[in-house]
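Please open the model in your viewer and keep the selection tool at hand, since each stop on this tour begins with something to select.

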Amino acid sequence: MKDASPQTIHLKDYTPFGFTVESVELTFRLAPHATRVLSKIRFAPNPAASDKTFFLHGEDLTLISARIDGKEVSPEVSDRGLTCAVPEGAFTWEAEVEIDPASNTALEGLYMSPLDVRGGESQTKKDAMYCTQCEAEGFRKITFYPDRPDVMSVFTVRIEGDLPVLLSNGNKVGQGAGWAEWHDPWPKPAYLFALVAGDLVNHPDSFTTKSGREVELNIWVRKGDLHKCAFGMEALKRSMAWDEEVYGREYDLDIFNIVAVDDFNMGAMENKGLNIFNSSAVLASPETATDMNFERIEAIIAHEYFHNWTGNRITCRDWFQLCLKEGLTVFRDAQFTSDVRSAPVKRIGDVMDLRGRQFPEDNGPLSHPVRPESFQEINNFYTATVYEKGAEVIGMLKRLVGEEAYYKAVDLYFQRHDGDAATIEDWLKVFEDTTGRDLSQFKRWYSQSGTPRLTVEETWGEGDTSAGGAPASRPPARDIRAGQEAPDQVRGAAATAAGGTYTLTFRQHTRPTPGQAEKLPQVIPIAVGLIGQNGDEVRATEVLEMTQAEQSFRFSGLAARPVPSILRDFSAPVILNRTLGSAEAAFLLAHDSDAFNRWEAGRTLARATLIDMVTGDAKPDADYLDGLSAVLRDRALDPALRAQMLVLPTQSEIAQVLHDQGETPDPDAIYSAHEALKLRIAEHLQDLLPVLYAENQVEAPFRPDAEQAGKRDLAGAVLSLLSRIDGGDQAARQYQSADNMTLQLSALSSLLIAGKKGEAELAAFAEQWREDRLVMDKWFALQVAHAAPAQAAEVALRLTQHPEFTLTNPNRFRAVMGALGMNHAGFHHGSGAGYALMADKLIALDAKNPQTTARMCALFQTWRRYDATRQGHAKAALERIAATPDLSRDTTEMVTRMLAAS
């Protein structure tokens, strides 16, 4: 029965568990529908806890027996766990439970993959493997246990079964016919527990640490996937070497295993010594994976490996501290990718993702702080705010304290908290202790939700000796000369230097968000450079530290009025509202030495052009087209950066800008403007496009490195434009000659762009790749992504009826329904067909996989920014989901929040 009033958990109510766990011994006797789990756990009273209630979490478990110190007991069991009277001192708890992994379509706890579900009956495939996913609260579906991250213990695991490969955390300590034993010497919370059993093969290698220890490495896959492991293994070794070099962190076990599994709710999981990966996040070959897939795999492998220290050795005290491990590890994996690939391109990609996913979340009904104050279902807080904004907060902290101080503080963090379940306060304290800074105001980034909006006003006074011409009511201007920032009180004397004075006055404002009506000023690091009228940089990048609601910064001793380059490298996750004319934006596009802001200038021009085209009958801005042409002709620029210049602001981004301006966005008009601008760009560049396409063909054997990938990226972007004016002729030729998936997929995509083409190639693609599940995911997604708005829901519905579509596989479901949600004009079509189909499929999925369902519900989060007709359709869809009998807690919370917000 649906829980009508899910329990709300509050950060302020945290109390430690009443008992410590000294050791855990688990035995698994595997059987598809009747796995027995025997637990032997040594408990002792926790002197730090006042509440000594013995409560163990447990869900979907059949209790066979329970004993304390060898004596049978009869605990009180509910659908959430059990309670039992226990001795006053230390004691040993033993229990035997039975679970049904073959019927576990929620993919939490112990389950089997792949799984066929037909007619309501589970049928286990012959090649099915046992697999676990325990973060955040999956271990309670395996056995009764205090399933909370601050309860840490050493685990010993015995696995009994007739499968050839039996894996768990830590080091293998014994094996024989039908059994294996594993011991993890490092205390860990239950969410890091892992078990895999199956008929698998391994891609082996080894890594020698800086201290000379040799670590055995394996990637375990099904037999048909062995040829897709080499890149993942090299990425793992690069990650291990990088973490030693940059953070001084060595791996700490004798073996590191990765397992690829088809059915997985997320990208991967950092279980200690046994990382479990969604197949799409580890398997790759040139024939089956695109350059984007390779880069994603490299980043995810690095991310999960880096968790060994930032998440495993130091975990989080409670789930409110989730950003402590995830934000820090996302920041670390971004550093890694920046070092091994192109730092500017990585930064641009991260900001595009932040604006596309996190900004809408921060400014909508699902808004929450980086560290939430409360939750009902923790799975719903694995969000872009926790991950991506959490990483941005780490980046700001590093920018404010400087490189040397950052690594000194992090070293202290590792030293002070190794083996701890830590908090945000612990993290910030090491920075205060090493730098002497007071970070109490900076901490607001963790507690305040919403995206700060930053406005700027510029004043110039030639030979001016006043405070930058600022009105007397403003705070004193901070004077900056020769790259130095003077204290507030040093003003008039410094400003008397020869030359002019240029002042930037910033104002910050954060709009009310659910549960937070009032917002206090944030600490905002604003990286600024000044460019002379001839295009030379007259002031190198300086970080202005904004701490007030309004604050001025003055640059004196300048020969002429400069052009400012503001928020370089996107130094803070804010929305910069700046009146920037097309001529000045074009100037920055041509001359800015900061690669991010050069891209941002082009983005600003493109955004303004699209807004003008949507709201009137304007033609594409000439400054934008000419500036774009100049950038593309600059052979000194990284091809990947030039490719990014050709990516227009998304349709959803334009809708949000219009909404912020008080307009009601029309998805059809935005789509039409997008298409018209792409055609106009293609026409404007028609002489350059064939040249760029030819220059960026790669003749050497395929390598998924940054150099080759950048060229293929630019060639692909050019091909999509060419296809709008040549009818797809070049794309057809590329499809026929393609010898790797990047070229094949970009050609197929361009053929679909060209209009009534690509049907034959779509059929040939499906025939060629029908046995490769990951490539077929691309085939499903491509058709929905390129469907015309009026047909998008119809195309998605047809594909859900395809024999190879299944609700139970998250990758396949996301390939179709996720692609529909990202087809902006299609999902938000005025007919409401997109909303209705999404509701149908989410209702069907919720009964099988609540976690994936709840996350996909977020596609509705912007529904209130559209017209009354669309709002009516979206509300009806959400209300229909909410009224579903036995709706999961996960989905109930998400839909309720979206319906409640104004």
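The stops below go from aromatic pairs, through charges placed over rings, to the cavities.

Bear in mind throughout that this is a predicted model.

**First stop: an aromatic pair in the early strands**

The structure holds 45 aromatic pairs, and the tour visits two of them. Select Phe-19 and Phe-54 and show their side chains: the two rings form an edge-to-face pair, with 5.5 Å from centre to centre and 90° between the planes. Colouring by element helps here, because Phe-19 belongs to strand S2 (residues 19-29), while Phe-54 falls in the loop between strand S3 (35-45) and strand S4 (55-57), so that the pair links distant parts of the chain, 35 residues apart. Are these two residues buried or exposed? Phe-19 has a relative accessible area of 4% and Phe-54 one of 2%, and because buried means under 20%, both qualify as buried.

**Second stop: Trp-309 and its neighbours**

Now select Trp-309 together with Phe-414, whose ring centres are 5.6 Å apart and whose planes stand at 75°; because planes over 60 degrees apart count as edge-to-face, this pair is edge-to-face. Which parts of the chain does the pair tie together? Trp-309 sits in the loop between helix H2 (291-306) and strand S22 (315-316), and Phe-414 is part of helix H6 (residues 403-417), so the contact joins parts that lie 105 residues apart in sequence. Trp-309 counts as buried at 9% relative accessibility, and Phe-414 is buried as well, with a relative accessible area of 2%.

Keep Trp-309 selected and add Arg-249, whose charged end sits over the Trp-309 ring, 4.6 Å from the ring centre. Then move the selection to Tyr-247 and Arg-332, where Arg-332 lies over the face of Tyr-247, at 4.6 Å from the centre of the ring.

**Last stop: the cavities**

The structure holds 4 cavities of 30 Å³ or more, and the largest of them has a volume of about 80 Å³. To find this largest cavity, select Gly-602, Arg-603, Tyr-624, Leu-628 and Met-645, which are the closest to its centre among the 13 residues that line it. Extending the selection to helix H11 (595-615), helix H12 (622-633) and helix H13 (639-645) shows the elements that each give two or more residues to the lining. How many residues of each class make up that lining? By class, the lining of the largest cavity has 9 nonpolar, 3 polar and 1 charged residues.

Notes: Residues numbered from 1 in each chain as written. Predicted model: local features only at pLDDT ≥ 70, side-chain atom pairs only at ≥ 80, totals over all residues. Heavy atoms only, no water. 1 Å grid on protein atoms, 1.4 Å probe; cavity = no way out; pocket = protein on both sides within 12 Å on 5 of 7 lines; lining within 4 Å. Points joined across faces, edges and corners; volume = space filled by probe spheres on them. Helix = DSSP H or I, 4+ residues; strand = E, 2+ residues; numbered from the N terminus. Nonpolar A, V, L, I, M, F, W, Y, C, P; charged D, E, K, R; others polar. Phe/Tyr/Trp six-rings, centres within 6.5 Å; stacked < 30°, edge-to-face > 60°. Buried < 20%, exposed > 50% of the residue type's maximum accessible area, 1.4 Å probe, protein only. Lys NZ or Arg CZ within 6 Å of the ring centre and 35° of its normal.
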